[in-house]
Amino acid sequence: MRLAARTAGFSPSATLAMTARARQMRAEGIDVLNFGAGEPDFDTPEHIKAAAVQALREGFTKYTATAGIDELKDAVCVKLKRDNGVEYRRENVIVSCGAKHTLYNLCMVLFQGGDEVLLPAPYWVSYPEQVRMAGAVPVPVETREADGFRVRAEALEAACTARTAGLILNSPCNPTGAVLARKDLEAIAAFAVARGLTVISDETYEALTYDGREAVSIAALGEEIKRRTVLVNSLSKAYSMTGWRVGYAAGPEEVTRAMDAFQSQVTSNPTSIAQRAAVAALTGPQDCVRQMREAFRERRDVIVAGLNGLPGVSCVLPGGAFYAFPNVSGCLGRALGRRLMRTAADLAEYLLEEAKVAVVPGREFGSDAHLRLSYATSEETIVEGVRRIGAALQQLA
């Protein structure tokens, strides 16, 4: 059977591929420690699950409006005003099947052939793929590890051309954990307004910041940048609802209308039951979020200290999210017998086979000098995983 030519450019998600491989090895009885999955290891809070059960009992199991139920849109508006200081109406909000789906819909309605889209690098693996699916060209904009991987407005300006149509921001960032300060965002906002760019602000990890850092929504910095921005968020990370698949966007009405029309032909509405659960998450007690954030902070400190104690490894302390992004360039060029570690991907493969530790190579995130490790797992797993990695690295000459 002939496949469409466009499929030749599709790449599977590196994070999901590594997670699937680790699960398969576990199913075969191999003791693999998985640091690949971007998924909290906590259960979904009870009050959220109770709302879903109630929805089932009430028979709330039919189609809803494509863009989501009004109750959830209202909850999103309340959350954005409460937590982010930005005001929207129902007409400005659309609910989709997770933030990944939301981002895909946005790429499809905002970008087209010939457009260029700026991506601060390192970036989440799906950004360049989704931009390409829309026919546009992803343009990586390098950040400096010594600067905490925070993108600067002057770097974006240098990468901008007459074809630049948009910018995808992610703060806190997956994979680096970088959190953009307000002054950084003010400069980026001024740049985007002056250039007439559309900004997609992926704020999926905004509830998970550490050491007093504030996750600022760029749309809250003034009406001019708000008119050019679409905020994206998810219930997955803050409320441990990865499998529920609920994400949302808030932005100009013409954008949410276009997303609604597009989504109506692709998936229709997100699951009705999950939408009711999402209402409970956004409007209910937020202690669960604070508790998870504190647990992640403690785990962050353990994994970063452990990684920085390994030979040939250095790791910047992430300010948010739940990923460590260690630089392993000091391990490259070393070998075990005839097995040479040319790239971080070679090293990730070696660690999986030799140490039985699953990590994601940084190449798919825009850097082949790094690995990504999720610390959304127990402290015991983190300590053992770092020990195994260290033992495997000691064997390299």
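Just after helix α12, Lys 356 adopts a positive phi of about 60 degrees. The structure is a predicted model, in which local features need pLDDT of at least 70, side-chain atom pairs count only at pLDDT 80 or more, and totals for chains, interfaces and linings use all residues. Residues are numbered from 1 along each chain as its sequence is written, and side-chain values use heavy atoms, with hydrogens and water left out.

Lys 356 is not a glycine, its positive phi notwithstanding. The residue is found in the loop between α12 and β12 (357-358); helices (H or I, at least four residues) and strands (E, at least two) are DSSP runs, numbered from the N terminus. With a relative accessible area of 27%, Lys 356 is partly exposed, where buried means under 20% relative accessible area, exposed over 50%, and partly exposed in between (1.4 Å probe, protein chains only). In the preceding helix α12 (residues 344-355), the buried residues include Ala 344, Ala 345, Leu 347 and Ala 348, and Tyr 350, Leu 351, Leu 352 and Ala 355 are buried as well. A positive phi is also found at Ser 268, a residue other than glycine, with a value near 65 degrees. Ser 268 is located in the loop between α9 and α10.

Two cis peptide bonds precede prolines in loops. The bond from Ala 121 to Pro 122 is cis, with omega near 5 degrees, and Pro 122 lies in the loop between β3 (116-121) and α5. Ser 171 and Pro 172 are likewise joined by a cis peptide bond, for which omega is about -5 degrees. Pro 172 belongs to the loop between β5 (164-170) and α7 (182-195).

Two packed helices are described by the angle between their axes and the distance between the axes. For helix α4 (residues 99-110) and helix α5 (residues 126-133), the axes come within 8 Å and cross at roughly 35 degrees. Axes are lines fitted to C-alpha atoms, for helices over the stretch in contact, and angles run from 0 to 180 degrees between N-to-C directions. The crossing of α4 past α5 is right-handed (a crossing is left-handed if the near helix is turned anticlockwise from the far one by less than a right angle, and right-handed if clockwise). On the α4 side, Lys 100, Leu 103, Tyr 104, Cys 107 and Met 108 take part, meeting Ser 126, Tyr 127, Gln 130, Val 131 and Met 133 of α5; contact means heavy atoms within 4.5 Å. The residues of this contact divide into 7 nonpolar, 2 polar and 1 charged, with Ala, Val, Leu, Ile, Met, Phe, Trp, Tyr, Cys and Pro counted as nonpolar, Asp, Glu, Lys and Arg as charged, and the others, Gly among them, as polar.

The structure holds 9 aromatic pairs. Rings of Phe, Tyr and Trp (its six-membered ring) pair if their centres lie within 6.5 Å; planes under 30 degrees apart count as stacked, over 60 as edge-to-face and the rest as tilted. The pair of Tyr 104 and Phe 262 is tilted, because the ring centres are 6.0 Å apart and the planes stand at 55 degrees. This pair links distant parts of the chain, with Tyr 104 in helix α4 and Phe 262 in helix α9 (residues 253-264), 158 residues apart. Tyr 104 is partly exposed at a relative accessible area of 24%, and Phe 262 is partly exposed at 23% relative accessibility. Trp 124 and Tyr 127 form an edge-to-face pair, with ring centres 5.5 Å apart and planes at 80 degrees. Trp 124 is buried at 14% relative accessibility, and Tyr 127 is buried at 3%. One aromatic cluster is formed by Phe 42, Tyr 205, Phe 296, Phe 322 and Tyr 323.

Charged side chains are also placed over rings. Lys 226 lies over the face of Tyr 88, at 4.7 Å from the ring centre, and Arg 276 lies over the face of Phe 60, at 4.0 Å from the ring centre. A charge sits over a ring if NZ of Lys or CZ of Arg is within 6 Å of the ring centre and within 35 degrees of the ring normal. Phe 60 is also touched by Ser 272, whose contacts further include Thr 61, Lys 62 and Thr 64, not counting residues up to four places away in sequence. Ser 272 is part of helix α10 (residues 272-283) and is buried at 4% relative accessibility.

Ala 295 lies in helix α11 (residues 287-308) and is buried, with a relative accessible area of 17%. Ala 295 and Glu 379 are separated by 84 residues in sequence and by 9.3 Å in space, C-alpha to C-alpha.
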